[in-house]
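Here are some exercises to work through with the model open beside you. Try each task yourself before you read its solution.

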Amino acid sequence: MAVIEVQGLTKAYGDTVANDRLDFSIESGEIFGYLGPNGAGKSTTIRQLMGFQAPTEGTATIFGHDVRDDRELRQAKARIGFLPGEPAFAPSVTGAEFLDYQAELKGDTRRDELLDLFTPPLSRPVREYSTGNKQMLAIVQAFMHDPDLLIMDEPTSGLDPLKQEAFHDFLRAERARGTTVFFSSHILGEVRRVCDRVGIIRDGRLVTVENVAELLSRGGKQVHLHTETPLTEADFDLDGVVGFESEGREVRFTFTGDYNALFAALADHRVVDIDIDEPPIEEVFMHFYGDEGER
Ligand SMILES: Nc1ncnc2c1ncn2[C@@H]1O[C@H](COP(=O)(O)OP(=O)(O)OP(=O)(O)O)[C@@H](O)[C@H]1O
């Protein structure tokens with residue numbers, strides 16, 4: 001059984017259809033990235049999963065419990081860690097008091113371990129916290145009861161690059177323990193680093209749900225060549241050469257074809273240097289994000 005099963009989930013705010021008949025499922029033990037530009041509808045999905053907003057149509061189940069039913073959702077929530085998009089805290093409580101309170105509500109088996117990695121200044125009142133410190137406090141509370149499923153709205157927003165890296169390492173370790181993770185993000189690189197699958201939402205509609213490795217492999221390889229004599233596009237009259245650019249004795253293109261055909265074409269030329277790399281993930285995703293993207 002899928003951990004999260006979303007079926008025909010639709011949320012309209014007046015004329016704005018923020019989620020339009022979404023269908024997807026999250027399997028046990030996977031890290032699923034939920035990506036989309038600003039206003040695409042990511043937070044709306046998360047708010048419905050957590051029962052903060054009722055769907056206009058359709059539904060979702062978490063661990064088999066229907067999120068539209070308060071009692072059922074409460075049962076699911078006992079196994080969920082949640083990180084909201086804009087964590088809110090009573091400003092006068094200290095971080096330690098906040099975590100004590102959360103511990104009473106839902107348990108606390110991992111606080112110390114988490115506080116070794118994420119380091120909010122616990123003795124200070126939250127009103128003195130920086131954005132990143134608030135985010136770290138929210139991360140600790142999301143994981144401290146050792147939930148089976150994490151639902152997180154932009155968990156790395158506000159974290160500095162080192163803390164982002166620590167968070168990504170932590171997520172990978174969580175996956176190894178069997179934890180299921182669903183999180184929204186704007187950061188394409190983090191999806192590449194940690195996610196097994198990605199769902200891309202745009203204008204309320206799910207444009208694709210894909211395995212990240214497959215998505216990247218379909219994006220081809222970026223080839224950068226430096227040759228003794230200048231080359232032209234005619235020297236690469238092959239299937240799968242995209243975006244050919246040349247400058248002097250250097251050429252660049254994206255290659256999605258058969259590598260043997262590429263090497264055969266190169267055999268007639270003296271190669272001084274060659275780089276064959278994965279394309280930046282931005283390029284792969286731009287297809288779904290940009291104006292030219294599928295709808
Ligand atoms: N309470 C609301 N009332 C009316 N419209 C809303 C409300 N909440 C969200 N919207 C609209 O629904 C759409 C989706 O918003 P949502 O916050 O889900 O997007 P998002 O993908 O999370 O965006 P971001 O990445 O900027 O956080 C937007 O057009 C937004 O203006």
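## Exercise 1: A strand residue with an unusual phi

Arg 21 lies in strand β2. Keep in mind that this is a predicted model.

**Task.** Find the phi of Arg 21, and decide whether Arg 21 is buried, exposed or partly exposed.

**Solution.**
- Step 1. Start with the backbone: phi of Arg 21 is near 50°, a positive value in a residue other than glycine.
- Step 2. Recall the background: most residues other than glycine have a negative phi.
- Step 3. Now count neighbours. A residue is buried with 20 or more other C-beta atoms within 10 Å, and exposed with 12 or fewer.
- Step 4. Arg 21 has 15 C-beta neighbours inside 10 Å, so Arg 21 counts as partly exposed.

## Exercise 2: A positive phi in a loop

**Task.** Say where Glu 154 is found, and work out whether Glu 154 is buried or exposed.

**Solution.**
- Step 1. Glu 154 is found in the loop that runs between β7 and α6 (161-176).
- Step 2. The phi of Glu 154 is near 50°, again a positive value in a residue that is not glycine.
- Step 3. Glu 154 is buried because 20 other C-beta atoms lie within 10 Å.

## Exercise 3: The six-stranded sheet

**Task.** Write down the strand order of the open sheet of six strands, and name the edge strands.

**Solution.**
- Step 1. Going across the sheet, the order is β6-β7-β8-β3-β9-β10, and the pairing is mixed.
- Step 2. The edge strands are β6 (80-83) and β10 (205-211), since each of these pairs on one side only.
- Step 3. On average, neighbouring strands of this sheet are turned by 15° against each other, direction ignored.
- Step 4. At one edge, β6 pairs with β7 (residues 149-153) in the parallel sense, over four bridges. Here Leu 83 stands opposite Met 152 in β7.
- Step 5. Helix α5 (residues 131-143) packs on the sheet and touches β6 and β7. The direction of α5 makes about 170° with that of β6.
- Step 6. At the other edge, β9 (residues 197-202) and β10 run antiparallel, joined by six bridges. One pair to look for is Arg 197 and its bridge partner in β10, Asn 211.
- Step 7. The hairpin of β9 and β10 has two residues between the strands, and Asp 203 takes a positive phi near 50° in this hairpin.

## Exercise 4: A covered strand

**Task.** How many of the residues of β3 (residues 31-35) are buried, and which residues lie on each side?

**Solution.**
- Step 1. Five of the five residues of β3 are buried.
- Step 2. Recall the background: in a regular strand the side chains alternate between the two faces of the sheet.
- Step 3. Sort the residues by side. Ile 31, Gly 33 and Leu 35 are on one side, with Phe 32 and Tyr 34 on the other. Both faces of β3 are covered.
- Step 4. Look at the strands beside β3. With β8 (residues 180-185), β3 pairs in the parallel sense over five bridges, and the partner of Ile 31 in β8 is Val 181.
- Step 5. β3 and β9 also run parallel, joined by four bridges. In β9, Arg 197 is the bridge partner of Phe 32.

## Exercise 5: Around the ligand

**Task.** Which element gives the most residues to the shell around the ligand, and how does the shell divide by class?

**Solution.**
- Step 1. List the residues around the ligand: Tyr 13, Thr 16, Ala 18, Gly 36, Asn 38, Gly 39, Ala 40, Gly 41, Lys 42, Ser 43 and Thr 44.
- Step 2. Two elements give two or more residues to this shell, namely β2 (16-26) and α1 (42-49).
- Step 3. α1 gives the most, with three residues.
- Step 4. By class, the shell has three nonpolar, seven polar and one charged residues.
- Step 5. Take Tyr 13, which is found in strand β1 (residues 4-13). Tyr 13 is exposed, because 10 other C-beta atoms lie within 10 Å.

## Exercise 6: The whole chain

**Task.** How far apart are the C-alpha centres of domain 1 and domain 2?

**Solution.**
- Step 1. The domain assignment gives domain 1 (4-213) and domain 2 (220-278).
- Step 2. Their C-alpha centres lie 43 Å apart.
- Step 3. For the overall dimensions, the C-alpha trace spans about 70 × 45 × 35 Å along its principal axes.
- Step 4. The protein chain has ten helices and 14 strands, and 35% of its 295 residues count as buried.

Note on methods. Residues numbered from 1 in each chain as written. Predicted model: local features only at pLDDT ≥ 70, side-chain atom pairs only at ≥ 80, totals over all residues. Domains from an automatic or database assignment. Near = placed C-beta within 6 Å. Nonpolar A, V, L, I, M, F, W, Y, C, P; charged D, E, K, R; others polar. Pairing = 2+ DSSP bridges. Axes fitted to C-alpha atoms, helices over the stretch in contact; angles between N-to-C directions. Contact = placed C-beta atoms within 7 Å.
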